[in-house]
Each structure stands twice: as structure tokens, then as C-alpha cells.
Amino acid sequence: MKNLINFLIQYSVVFLFLFLEIISVSMIVKNQQYQRSVFLSSSNSMVSEMYEWSNSVVEFFKLRAANDNLSEENTSLKNQIIKLQNQLSILTPQKKDSVHFRIPPEMEYQFIAAKVINSSTNKLQNYITLNKGEIDGIKPDMGVISDEGVVGIIKTVSKRFAVVIPILNPKIEINCKFKRSNYSGPLDWSGEDYRYANLKDIARHVELSLGDTLITSGFTSTFPEGIPVGNIEDFKIKESDAYYNIKVKLAVNFRTLSHVKVINYLNYKEQKDLEKASEEQ
Amino acid sequence: MPVVLQNIFRFILLVLFQVLVLNNIQFLGYINPYVYILFILALPVRTPRWLALLLAFGLGLTIDMFSNTMGMHAFAAVMVAFLRNGTIKLFIAIEEGNNPTPSFHSFGVSAYIKYIVLLVFIHHTTLFLLESLSFAHFWLTLAKIILSTGVTVLLIMGIQSLNKR
């Protein structure tokens, strides 16, 4: 008995070491598989508030770029209004009494504006923290876009903050298609450069050219169809391969990302329930 | 207890520096220095080992909370705290009854640099391997380890050379 106690005392440091390392590993493993616990991530409110404070300083220096972006978006929206008004004025007199106008159900979206308060681009698994959360109507699995294009998908939400998995994280693949030819495939990130990602599953017979635009396919309920994802930067195919190896330049610059929109798909629940019900039958 | 106060102060400053400044530096896409580890390297030589381990765990967990990497920094920091005493013994003999704080002055320049380089390298290797969790990105990970270790060591030497004593 005395020997045992002596043994334990002598090696207590080693035991403590092993104990702490096991806790760490179990946390890493848990985080890989399940939803991260909100308390210990950066949607934790103390951590987030500090980030928000630091962001309010840094943001000052980005104001100019943000301004440029906004005014650009403004102009393009105005142009769109004019174009739509013109179309409307052409169409109205002809169909005055026969038209039964309704928005297609898959296009009923609402946007929630949010600000990026923390992000990384140089890890193998990057995350973005937003300053809007549950009380603003954000839920897990909603899509996130910026004025330039697709950013990522909401992972966890706390009361006032939310964490996004961006395209720059191998945990998600975003399904996208070519604007020109409608062929679709999953986009994933190689972990090297925040400007580029790889598109897979595009078969050999598809005709490609450099600069082709990629947009979201709309097959998942997270993103509506037609949001820009990127352009083809380079593509290769070996004699023996059935699929292209395509390098895509992402539309969004993740290093300067500051204002984003979270997509709230209003018919999400109805569509999911229907799909689930038909799977079960 | 000026040593305790000094260490508390160092803990807070290093965490803030790491989280607010260094985590935003993404030089060339490869280099992300982790200078916070200096807190463990600069604990007095005769700090009880259990205390060093617990402090390292707390430090790592704090950094983890800010960078969304549950457990990774905690693991690497505890690893460094565990190997610290052995490393000190490897490079320098501390006299009985002495309890110096590791620095250029107390260790001598060459022993101190060896001590820093070895432990920072261990820390970064553990951390980046945990981050990739596979050898799929082997060369990328290796490049990150070596470049980041270099920058961290330079930063730590810069900070330490500002110390007057």
C-alpha cells in the first residue's frame, strides 16, 4: 500500500500530464464530430464582444473599400430597377386582366444583414464569426453570401452571435454549376490558398473554357439558384482520367470580407418536411 | 510576490497580443506565429511541474476559445510544459537553490536560443499536425511548421531582448 502511494506521488506529474492531454484530445475529437459547444467557441459572448470591440477599430480602416462596394452595388441595383420597370411597362397593358402573378415558392427568400467580427483564411479549417444570432432569426444551415458571391453555411448560433463554415473549410462542399452549360459538381477547398478552390465531378465530354462563371445550382435549400461562386482559372485532364481537374478562382475575397447577408429561406421547413415524408414512405 | 504579478501580467499581455494582433497576421498564407507559448517558456525554472501543466492547459484553452480550435492549443501547450524541464536540463545546469527566470541573461545566449528553438518547434509541430490530423497535406504542413517556427523564434527573441535584465 505504501509502495503504491509512493508510486502515485512519484509519477503524479506524468499522470496529470496524461490526464490533461486526454481531455484535450477528447475535446478535439468531439469538435470534429458534433456541433461545437457554444460556450467554448467564439460565439461565446465574452469572446465575441471582445472581437466586436477590436473589429470596431479595424473596421475604420476598411470603410473606404466598404463604401466603394456599397455604391457599386447601389448602382447595379438601380440599373436593375430601371430595367425591370421598363419590362413591366411593356408587359402590363397586354396582360392586364389575364395574369395571375405569383412568386415561385423556391424563390421566397429574406436576407438578414450581418457583419463579420472574426475570420481566418490561413488554417486548414477556417471559421467566420458574425454579429447576429438567434434573436435576429438566424438558424443553423442557413446560407451566407456577400455582395460578391457565396461565403458559406451557418454552423452554430448563440443568442447574439453565429459561426459560419466558409468555403475555405474541407468540412463543407458547395454544389455549383456552370452558368453557360448547367453541368454541376461539388466545390471543395484544397487547404492551400484562400483565393482558389477545386471543382470535381465534371466529366470529360463537357466543353470548358477559361473564365467560365460558376453559380450555385439551387439543388440544396441553402442557396437559391444563380449566386456567383467563382470563375475557372485553370483546368487540366489526363489521358486516363474521366473527370476534369478544375481550379476555380473564388468570387469572394475572404481576406477583406466584412458585410454579409444570411439567407432565410421561408419555405425551408415545408420543403424539408415533404422530402423527409416521401423518403420515409 | 512580484514574480506572480509579473507572470499574471505576462499571461494577459501575451493572450491579447496573440489574439488581437498575431492571429490576424497571415503572411504569405503560411506563417501564423504563436508567440503566446513564451508564457510557458518564461516561467521560473523551479515552478512546480503540476502548476506549469495546469497553467499551460488554461493558457491553451484561452487561445482555443478565441480561435475556434477546441483543444488543439491546449494539447500543444501542455506538451511543451511537460517537456520543458527536460529541455532545460539538456542544455544547462542550474545550481541547487537557484530559481532563475529563463532569459538570455540567465541561460546565456546560445543555450537560451537552443531552448527556445527546440520547444517552439515541438509546439508548432504538435499544433499543425493536430490541425491537419492526417498526412494528406504533408508538405504544406511541413512548410507551415518550419516557417512559423522561424518567425515565432524571431519574435520571442525580439521580445526578450527588450527585457533590460
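**Exercise 1. Strand E5 of chain A and its partners**

Establish how many bridges join strand E2 (residues 128-130) of chain A to E5(A), and in which direction the two strands run relative to each other; then describe how E5(A) is placed between its neighbours and the rest of the structure.

*Solution.* Three bridges join E2(A) to E5(A), and the two strands run antiparallel. The model is a predicted one, in which local features need pLDDT of at least 70 and side-chain atom pairs count only at pLDDT 80 or more, whereas totals for chains, interfaces and linings use all residues. Residues are numbered from 1 along each chain as its sequence is written, while chains are lettered from A and ligands numbered from 1 in the order in which they are written.

Step 1 fixes the terms: helices (H or I, at least four residues) and strands (E, at least two) are DSSP runs numbered from the N terminus, and two strands pair if DSSP finds at least two bridges between them.

Step 2 turns to individual partners. On the E2(A) side, Leu130(A) has Ala162(A) of E5(A) as its bridge partner. Strand E4 (residues 150-157) of chain A also pairs with E5(A), in the antiparallel sense and over five bridges, with Gly152(A) standing opposite Pro166(A). E4(A) and E5(A) form a hairpin that has four residues between them.

Step 3 considers burial, where a residue is buried if 20 or more other C-beta atoms lie within 10 Å of its own, exposed if 12 or fewer, and partly exposed in between, with C-beta atoms placed from the backbone. Five of the five residues of E5(A) (residues 162-166) are buried, so this strand is largely enclosed by the rest of the structure. Ala162(A), Val164(A) and Pro166(A) point one way from the strand and Val163(A) and Ile165(A) the other way, and all are buried.

**Exercise 2. Strand E6 and the barrel of chain A**

Work out which strands E6(A) is joined to, and place E6(A) in the barrel of chain A.

*Solution.* Step 1 takes E7 (residues 184-188), which is joined to E6 (residues 174-178) by four bridges and runs antiparallel to it. Ile174(A) stands opposite Leu187(A), and Cys176(A) stands opposite Gly185(A). The two strands form a hairpin with five residues between them, and Asn182(A) in the turn has a positive phi of about 70 degrees.

Step 2 takes E9 (residues 213-216), to which three bridges join E6(A), again antiparallel; here Cys176(A) stands opposite Thr216(A).

Step 3 assembles the barrel: six strands close in the order E6-E7-E8-E11-E10-E9, with antiparallel pairing. Neighbouring strands of this sheet are turned by 40 degrees against each other on average, direction ignored. E6(A) is mostly covered, as four of its five residues are buried.

**Exercise 3. Helix packing in chain B**

Describe the fold of chain B by its elements, and characterise how H4(B) packs with H3(B) and with H6(B).

*Solution.* Step 1 counts the elements: chain B has seven helices and zero strands, and buried residues make up 36% of its 165 residues. Two residues are in contact if their C-beta atoms, placed from the backbone, lie within 7 Å; among contacts in chain B between residues at least 6 apart in sequence, 65% join residues at least 24 apart.

Step 2 gives the geometry, with axes as lines fitted to C-alpha atoms, for helices over the stretch in contact, and angles running from 0 to 180 degrees between N-to-C directions. H3 (residues 49-67) and H4(B) pack at about 155 degrees with their axes 7 Å apart, whereas H4 (residues 72-91) and H6 (residues 109-132) pack at about 155 degrees with their axes 9 Å apart.

Step 3 classifies these angles: those under 35 degrees count as roughly parallel, over 145 as roughly antiparallel, 65 to 115 as roughly perpendicular and the rest as oblique. H3(B) and H4(B) are therefore roughly antiparallel, and H4(B) and H6(B) are therefore roughly antiparallel too.

Step 4 examines the second contact, to which H4(B) contributes residues including Phe75(B) and Leu83(B), and H6(B) residues including Tyr115(B) and Ile122(B). By class, the contact of H4(B) with H6(B) has 15 nonpolar, four polar and three charged residues, where Ala, Val, Leu, Ile, Met, Phe, Trp, Tyr, Cys and Pro count as nonpolar, Asp, Glu, Lys and Arg as charged, and the others, Gly among them, as polar.
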